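This report introduces a structure to a reader who has not met it before. The sequence and the model are shown first, and the description follows.

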Amino acid sequence: MDSLREKKEALKTPRTTQTIRMVRKDSLPKTSHIADQANARPKRRRRRSPLFRLILLILILLALLGLSAYVLAQHFHSPVQTAIATPSSDQNIENLIQKGESPFTLLPGFTLKVFAEVPGAYDLVPGPHQGEVLVSSPSSGQVVLLSDRDGDGVSDEEQLVAEHLDQPEGLEFHCGANGSSCKLTIAEAGEVSSYDFNQETNEAINPRKLFDLSGGTGLSLCDKNSASSSDADQVVYVKTFCRNTFPSSVNFPAHSDPLGFDFFPETNGEATTTQDSASSSVPALVQGFPRADQGSLLVALHGSWNDGIPVGYKVVQYFFDKDGKVTSQNDFLTGWIRNNISLGRPADILMEPGVIYISDDKAGLVYSLMYQ
């Protein structure tokens, strides 16, 4: 009975509201921090797989090998740095020639002069009159006309033919009957255009774009019937149009960069002129050149730019038999490399009666060679 009364009394007693008191963490006993640290689990570091470590090791070894090869190349092939270096003023070709210290070595009987100074002189073509030469200058975006009126091998006048061009390189000049209606074709970096040539002012006027030049190497068509480059995607293109190719007649050293070339004039009969008909020791001449050179080929080897031992940097002469095969060759003009420094680089060759013109795009000069 007493227990029943106690339960009733408890039901009559009102419930007290429970309060929650916020306690600051720093007011807790220090033992609570220790407990938190004990309960916290340390983060485990992610371990790399053995394959990843192997790949990383291989990459490091390859990088070290590459660095070692570079250091060795710099040590044993130091001419790479000097062969393409810009010559100082005392090694300037024009200055050396003026001081009588020409760096060039020529074949016996030939003499060399600086015909004109043209920055970046590149392509050479005959002008409208004897003794006139058109020269392209890609670096300055110009085409100039050089004139040698007295025939001494030195230009007397330089005239601007065209300007504001985009790296003009290739040139072609031709006139109609009796020298009328002359046209100048200029190949720039992105297009080929034809100009009317005003012979009174020696200016290129009325430009007409012939076609665009696209970037890249493009496709070398092997046959005139393959007019569409899309045919190259077909196997039949290679089998049908490229099978009738021919081996090269002249093989050049790797990286020698053969650019301009021209042939010595030839005649089917006797020599056109002689220096001294009474002396058999003086060779007969064909248009001002030794008869022994007729039909031979001169090639300007522009030269390598990053070889340990420079290749090219000279003009080479090739002789052929009646079937067009090379029988012999010799260095026709050397001297662009001096003390492992490139003084210049031959670019193009133009053969005219009695004179050979050679452009040098690095030295910015045009040379004239004559046979005495």
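Helices (H or I, at least four residues) and strands (E, at least two) are DSSP runs, numbered from the N terminus. One such element is helix H3, residues 50-76, in which Leu59 has its place. The model is a predicted one, in which local features need pLDDT of at least 70 and side-chain atom pairs count only at pLDDT 80 or more, while totals for chains, interfaces and linings use all residues. Residues are numbered from 1 along each chain as its sequence is written, and side-chain values use heavy atoms, with hydrogens and water left out.

## The chain as a whole

The protein chain has six helices and 22 strands. Of its 372 residues, 32% count as buried; here buried means under 20% relative accessible area, exposed over 50%, and partly exposed in between (1.4 Å probe, protein chains only). The accessible surface of the protein chain comes to about 24,400 Å², computed by the Shrake-Rupley method with a 1.4 Å probe, with only the protein chains shown counting as cover for residues. Carbon and sulfur atoms account for 53% of that surface. Contact means heavy atoms within 4.5 Å. Among contacts in the protein chain between residues at least 6 apart in sequence, 50% join residues at least 24 apart.

## A nonpolar patch

Leu59 counts as exposed because its relative accessibility is 52%. Together with Leu51, Leu54, Ile55, Ile58, Leu62 and Leu65, Leu59 forms a nonpolar patch on the surface, with about 700 Å² of accessible area together. Patches are made of residues with over 30% relative accessible area and no salt bridge, like charges being joined within 9 Å and nonpolar side chains (Val, Leu, Ile, Met, Phe, Trp, Tyr) within 5 Å.

## Strands and sheets

Two strands pair if DSSP finds at least two bridges between them. An open sheet of five strands follows the order S1-S17-S16-S15-S11, with antiparallel pairing. Strand S1 (105-106) and strand S11 (258-263) each have a single partner strand and stand at the edges, so one side of each is left without a neighbour in the sheet.

Within this sheet, strand S16 (residues 314-320) and strand S17 (residues 326-334) run antiparallel and are joined by six bridges. Phe320 stands opposite Val326 in S17. Gln329 is also found in strand S17. Its C-alpha atom is separated by 5.5 Å from that of Gln317, twelve residues apart along the chain. Leaving aside neighbours within four places in sequence, Gln329 is in contact with Val316, Gln317 and Tyr318.

Elsewhere, four bridges join strand S7 (residues 171-174) to strand S8 (residues 183-187), and the two run antiparallel. S8 also pairs with strand S9 (residues 191-198) in the antiparallel sense, over five bridges, and S8 and S9 form a hairpin with three residues between them. Thr185 in S8 stands opposite Glu172, and its bridge partner in S9 is Ser194.

## The disulfide

The structure holds one disulfide, that is, a pair of cysteine sulfur atoms within 2.5 Å. The disulfide joins Cys175 to Cys182, with an S to S distance of 1.9 Å. The link is right-handed, with 105 degrees about the S-S bond. Cys175 is partly exposed at a relative accessible area of 28%, whereas Cys182 is buried at 3%.

## Salt bridges

Side chains of opposite charge can pair when their charged atoms come close. A salt bridge is a side-chain nitrogen of Lys or Arg within 4 Å of a carboxyl oxygen of Asp or Glu. The structure holds five salt bridges, including those in the table.

| Pair | Closest N to O distance |
|---|---|
| Arg149 and Glu157 | 2.7 Å |
| Lys209 and Asp212 | 3.0 Å |
| Lys314 and Asp331 | 3.2 Å |

Lys314 lies in strand S16 and Asp331 in strand S17, so this pair ties together parts that are 17 residues apart in sequence. Salt bridges that share partners also join Lys183, Asp196 and Arg208 into one network.

Arg149 is exposed, with a relative accessible area of 58%, while Glu157 is partly exposed at 29%. Glu157 is also one of the contacts of Ser147, together with Gly131, Glu132, Ser155 and Asp156, when neighbours of Ser147 within four places in sequence are left aside. Ser147 lies in strand S5 (residues 142-147) and is buried, with a relative accessible area of 1%.
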